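Here is a friendly walk through the pockets of one protein, with a stop at a single methionine along the way. Please take a look at the model first.

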Amino acid sequence: MSYARDGETMPELPELEILREALARRILGWTLCDAAVLRPGILKTLVPPVDALKGTSVRSVQRRGKHLILACGEDLYLAVHLMLSGRLVLARRDTRRTQATAFCIGFENGQELRLVETGSVKRARVHIVRDLRDVEGIETTGPEPLSDAFTPELLASHLGERRQIKKALTDPSVVAGIGSVYADEILHAARLSPIRYASTLEADEILQLHAAIQRVLREATERTRTRAGGDFVADSRREGLSVVGRTGHPCPVCGTPIAEIRFAERRTYYCPTCQSRGKTLADRRAWLTR
């Protein structure tokens, strides 16, 4: 399962939630008989040791932000962050591993779950812990945007003031699981400029942003679930996007050509009419490359 073949995007909440569902359908209750670290540095914890996983069974498959978490046995957690180019592959243990396989766990039924990371930059992370607070980034992860606890008031309290809205949405301590792709889609749905400061948002605009976050993520999750058909998603395609990757194409709302800038070191897509009062935003890619 991969979401980063274009070298630009990583899996976000909708894709990770479908991967969590697919994993739960397959490996729940399976007993681990082996675990191997095949790329130095991918395992970020030393205690408990990787061998502690042997003999435990998978009792749940969870997601927290962009972390996938296997609860193993009574008190062990295996947390995986795929980062930009990681993907999970379920294969028979007797099939050859590729050189890109960085970590794997084997099961008594002859299956093996492999974390494969292609590309030149290797950033995927694995933690084995007894307390999830020991996983880097978990404790500071913000609210889950599709949970009942995620209210407009909670969103407003997390946005901060001197921060542009896109930077806030892609900060995992503000909202869990949103990256560059869905931040752009959310801001288009909310009719807000990505470079606008959170401190300038009116109460009705906070409500608008909150509704857009939940609607865009729910619809994307359902589209991914339908396309997956109960299986792992096999490629990096995202369907139904309004602005991302559509530079020059007409906005589905007003027909204005979608524009693209470099902002916060990432591509940012927006509609000048719907989001910036007809103005073209300044492209910062020139000074970013100095």
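How many nonpolar, polar and charged residues are in the lining of the largest pocket? By class, that lining has nine nonpolar, 12 polar and nine charged residues. Keep in mind that this is a predicted model.

The largest pocket holds about 560 Å³ of space. Its lining is made up of 30 residues, and those closest to the pocket centre are Met10, Lys66, Thr170, Pro172 and Ile178. Two elements, α3 (165-169) and α4 (180-190), give two or more residues to this lining.

Next comes the second largest pocket, with about 280 Å³ of space. Here 13 residues form the lining, and Ser193, Arg196, Gln275, Ser276 and Arg277 are the closest to the centre. The elements giving two or more residues to this lining are α5 (203-228) and α6 (272-275).

The table sets out the lining classes of both pockets.

| Pocket | Nonpolar | Polar | Charged |
|---|---|---|---|
| Largest pocket | nine residues | 12 residues | nine residues |
| Second largest pocket | three residues | five residues | five residues |

Now for the methionine. Methionine 83 sits in the loop between β4 (76-81) and β5 (86-92). Is methionine 83 buried or exposed? Methionine 83 counts as buried because its relative accessible area is 15%, and the cut-off for buried is under 20%. Setting aside neighbours within four places in sequence, methionine 83 is in contact with Met10, Pro11, Arg123, Ala124 and Arg125. Met10 is also among the residues closest to the centre of the largest pocket. As for leucine 146, 63 residues away along the chain, its C-alpha atom is separated from that of methionine 83 by 21 Å.

Definitions and conventions: Residues are numbered from 1 along each chain as its sequence is written. This is a predicted model: local features need pLDDT of at least 70, side-chain atom pairs count only at pLDDT 80 or more; totals for chains, interfaces and linings use all residues. Side-chain values use heavy atoms; hydrogens and water are left out. On a 1 Å grid over the protein atoms alone, a cavity is a set of points where a 1.4 Å probe fits but cannot get out, and a pocket is an open set with protein on both sides within 12 Å along at least five of seven lines; lining residues have an atom within 4 Å of a point. Grid points are joined across faces, edges and corners, and a volume is the space filled by probe spheres set on the points. Helices (H or I, at least four residues) and strands (E, at least two) are DSSP runs, numbered from the N terminus. Ala, Val, Leu, Ile, Met, Phe, Trp, Tyr, Cys and Pro count as nonpolar, Asp, Glu, Lys and Arg as charged, and the others, Gly among them, as polar. Buried means under 20% relative accessible area, exposed over 50%, partly exposed in between (1.4 Å probe, protein chains only). Contact means heavy atoms within 4.5 Å.
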